[in-house]
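Here's a quick briefing on the fold, the core and the greasy surface of this protein. Have a look at the structure first, then we'll walk through it by topic.

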Amino acid sequence: MQGMFRLLGRVGAMIIGTFGAVIAFATNILYSSINDALKLGGDNATHQTHGFLGFFLTIIALLGAIAAPFSGLVSAIIMVLCGLAFFWVVGIYAIPASVLLFIAAAMAYVDRGTPGHQHPVLHAVKGANPPSLPPQ
């Protein structure tokens, strides 16, 4: 039963992280498009955009979200780093997407497993007995 709740938490992290990556992608497209349109209009006060880097970060964040059911810790690290780096790309407009990525990362990290817990597939591959927890 505990494994089912862990899987549900990681699937929830995957869904929220995917939604955060989609929001980040849309934010990046809008931010870059508006700044490019302002530059075409002759506005020299606009900031340089990092459209390609923003696109790259959204793809990495999406991969991190997809990895949540398989590896909670790796997924959490990827989503937190992408959420932080996205602030450099679009500034304060990164808040909605980054908050979703941070929530998904927290969910993936919390549901990564208990100390001494070994995944059944890894146990079968390694062929060793999982460490037993002391009796309570």
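A helix here is a DSSP run of H or I with at least four residues, and helices are numbered from the N terminus. With that in hand, Phe56 sits in helix H2. Keep in mind that this is a predicted model.

**Overall layout**
- The protein has five helices and zero strands.
- Going along the sequence, that reads as α-α-α-α-α.
- Of the 136 residues in the protein, 31% are buried.

**Nonpolar surface patch**
- Phe25, Ile29, Phe52, Leu53, Phe55, Phe56, Ile59, Leu63, Ile66 and Trp88 make a nonpolar surface patch of about 980 Å².
- Helix H1 (2–40) and helix H2 (51–66) are the elements that give two or more residues to the nonpolar patch.
- The top contributor is H2, with seven residues in the patch.
- Is Phe56, one of the patch members, buried or exposed, or something in between? Phe56 has 44% relative accessibility, so it counts as partly exposed; the cut-offs behind that call are under 20% for buried and over 50% for exposed.

**Helix H3, inside and out**
- H3 covers residues 72–90, which is 19 residues.
- From its first C-alpha to its last, H3 reaches 27 Å, close to the 27 Å expected at 1.5 Å a residue.
- Its buried residues are Gly72, Ser75, Ala76, Met79, Cys82, Gly83, Phe86, Val89 and Val90.
- Looking down the axis of H3, those buried residues fall within an arc of 145°, so they line one face of the helix.
- On the face of H3 turned away from its buried side you'll find the exposed residues Leu81 and Trp88. Trp88 also turns up in the nonpolar surface patch.
- Gly91, just after H3, takes a positive phi of about 70°.

**Nonpolar core**
- The largest nonpolar core has 20 residues, and the ones touching the most other members are Ala61, Met79, Phe86, Val89, Val90 and Ala108.
- H1, H2, H3 and helix H4 (95–110) each chip in at least two residues of this core.
- Which helix gives the most to this core? That's H3, with six residues.
- Met79, Phe86, Val89 and Val90, from that list of well-connected core members, are also among the buried residues of H3.

Technical notes
Residues are numbered from 1 along each chain as its sequence is written. This is a predicted model: local features need pLDDT of at least 70, side-chain atom pairs count only at pLDDT 80 or more; totals for chains, interfaces and linings use all residues. Side-chain values use heavy atoms; hydrogens and water are left out. Patches are made of residues with over 30% relative accessible area and no salt bridge: like charges are joined within 9 Å, nonpolar side chains (Val, Leu, Ile, Met, Phe, Trp, Tyr) within 5 Å. Accessible areas come from the Shrake-Rupley method with a 1.4 Å probe; for residues, only the protein chains shown count as cover. A salt bridge is a side-chain nitrogen of Lys or Arg within 4 Å of a carboxyl oxygen of Asp or Glu. Buried means under 20% relative accessible area, exposed over 50%, partly exposed in between (1.4 Å probe, protein chains only). The expected span of a helix is 1.5 Å times one less than its number of residues. The arc is that of the directions from the helix axis to the C-beta atoms. A nonpolar core is a set of buried Ala, Val, Leu, Ile, Met, Phe, Trp, Tyr and Cys residues joined through side-chain atoms within 4.5 Å.
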